[in-house]
Amino acid sequence: PLVLGIETSCDETGVGIVRGSTLLADAIASSLDEHARFGGVVPEVASRAHLEAMVPGIERACKQANVRLDDVDAIAVTSGPGLAGALLVGVASAKALALGLGKPLYGVNHLAAHVAVDTLEHGPLPEPCLAMLVSGGHSSLLLVEDVTQKIDPLGSTIDDAAGEAFDKVARLLGLPFPGGPYIDREAKQGDNAYVTFPRGLTGPRDFERHRFDFSFSGLKTAVARWVEARERSGEPIPVADVAASFQEAVCDVLTRKAVDACKNAGVTDLLIGGGVAANSRLRVLAEERAGKVGIRVRVPRPGLCTDNGAMVAALGVELVSRGVSPSALDLPADSSMPVTSVLA
Ligand code: ATP
Ligand code: MG
Ligand code: FE
């Protein structure tokens, strides 16, 4: 099937077109620059930017894919979770398209789309598999039995998301927003054992209740205290070493828990998605630790890990090919859509 997917849950206006497992177009406009000076995404600014970028995005995607809107078999759109006003722009646009073209409409879960996108890179999903989604808004371990209808959340962050921690620590170190890629770059020149920062929720007492949960706010605070102490003593901050040590703490916890969750669930495939999956250290450590116990790691290329329309189209293709009935035309934008519901 040929599916057009629309993504507007945060700051990216994504329009993707996928035929089968072939990515034909991936048009992305980001309002990130407009948020940079606030140090975080401003919802109203994001919504307005989506409005302005939507029609040009659809036109660009069709041109890139060399298809006419009439050719598509279905429209898929992120229904949630995400920023309410931002989601609304995508959902309203998708409804208009579906209604105007007389095509079925699928309102999908953003997290499930982050999982489905891997089909574009590595072919059919191994199911069941374990998915670790790590981005600016999420840090979750999911047991994916069927990406179109059965995803069980095993754990998630109890405070900051992994990407959020990267962004906050980058700010402490005087690096630009969003900080993930800058920390990654700095860390390459640093010593990751320079400071041993705390590994949240990994103690024996956390095993019962938080075995598959994450916590990154204590880590962020620890970095802040360390930097402050240095500043008070008048010594320069070894930015690369602190970045590397912080990154090591995050990647250590993420990979340890992901491998533990795979073993616990008895699955042999680990899929990593979300913006933080672009992190070079995370990729290496995941391969290393999973490889040791016979677990295969699948990480889509960085451009597919961050938010985009292709991932929504990829999930749409799975839904159409597996014969799942479309959503109702009055489907909502659901800012807190649980991952247990793949379809609105
Ligand atoms: P959502 O959580 O809804 O998916 P988002 O816009 O935060 O929204 P993404 O676009 O997938 O999600 O990811 C952005 C996040 O990924 C930012 O926090 C950014 O710092 C982080 N990130 C990007 N590249 C890297 C990297 N190389 N290393 C670490 N973090 C990174
Ligand atoms: Mg983003
Ligand atoms: Fe996302």
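This report walks through a predicted model, from its annotated domain to a binding site, a ligand shell and one helix.

## The annotated domain

Let's start with the broad view. The UniProt record, an unreviewed entry, carries the annotation "domain: Gcp-like" for residues 23–313. Helix makes up 50% of that span and strand 17%. The C-alpha atoms at its two ends are 9 Å apart.

## The annotated binding site

The UniProt record (unreviewed entry) also gives the feature "binding site" at His-110, His-114 and Asp-307. These positions spread over 198 residues of sequence, yet they cluster in space, with a largest C-alpha distance of 8.9 Å.

Two of these residues are worth a visit. His-114 sits in helix α4, residues 110–116. His-114 counts as buried because 32 other C-beta atoms lie within 10 Å, and the cut-off for buried is 20 or more. Setting aside neighbours within four places in sequence, His-114 has contacts with Leu-133, Gly-273, Gly-274 and Met-311. Asp-307, in turn, belongs to the loop between α12 (302–305) and α13 (309–321). Asp-307 is buried too, with 27 other C-beta atoms within 10 Å. If residues up to four places away in sequence are not counted, Asp-307 touches Glu-7, Ser-9, Cys-10, Glu-12 and Gly-14.

## Around ligand 1

Ligand 1 is surrounded by 23 residues, and the closest are Gly-136, Gly-137, Gly-163, Gly-180 and Gly-275. Helices α6 and α7 (180–187) are the elements that give two or more residues to this shell. Sorted by class, the shell holds 13 polar, 6 nonpolar and 4 charged residues.

## Two charged residues in helix α6

Helix α6 covers residues 162–172, and Asp-167 is part of it. With 24 other C-beta atoms within 10 Å, Asp-167 is buried. Beyond its neighbours within four places in sequence, Asp-167 is in contact with Gly-136, Phe-177, Pro-178, Gly-179 and Gly-180. Two of these contacts, Gly-136 and Gly-180, also appear among the closest residues to ligand 1. Asp-167 and Pro-181 are separated by 14 residues in sequence and by 9.3 Å in space, C-alpha to C-alpha.

Lys-168 is in helix α6 as well. Is Lys-168 buried or exposed? Lys-168 has 22 other C-beta atoms within 10 Å, so this lysine is buried. From Lys-168 to Ser-217 there are 49 residues in sequence, while their C-alpha atoms are 9.6 Å apart.

## Helix α9

Ser-217 brings us to helix α9, which runs over residues 217–232. How far should the 16 residues of helix α9 span, at 1.5 Å a residue? The expected value is 22 Å, and the end C-alpha atoms are 22 Å apart, so the two agree.

Now for the faces of this helix. The buried residues of α9 are Leu-219, Lys-220 and Val-223. They cover an arc of only 100° around the axis and therefore lie on the same side of α9. Their packing partners are α6 and α10 (239–265). The other side of α9 has Thr-221, Arg-225, Glu-228, Ala-229 and Arg-232, which are exposed. After the helix comes Gly-234, with a positive phi near 75°.

Terms used. Residues are numbered from 1 along each chain as its sequence is written. Chains are lettered from A and ligands numbered from 1 in the order in which they are written. This is a predicted model: local features need pLDDT of at least 70, side-chain atom pairs count only at pLDDT 80 or more; totals for chains, interfaces and linings use all residues. Helices (H or I, at least four residues) and strands (E, at least two) are DSSP runs, numbered from the N terminus. The expected span of a helix is 1.5 Å times one less than its number of residues. A residue is buried if 20 or more other C-beta atoms lie within 10 Å of its own, exposed if 12 or fewer, and partly exposed in between; C-beta atoms are placed from the backbone. The arc is that of the directions from the helix axis to the C-beta atoms. Two residues are in contact if their C-beta atoms, placed from the backbone, lie within 7 Å. A residue is near a molecule or strand if its C-beta atom, placed from the backbone, lies within 6 Å of it. Ala, Val, Leu, Ile, Met, Phe, Trp, Tyr, Cys and Pro count as nonpolar, Asp, Glu, Lys and Arg as charged, and the others, Gly among them, as polar. UniProt positions are given in the numbering used here, feature names are shortened, and annotations may be inferred rather than shown by experiment.
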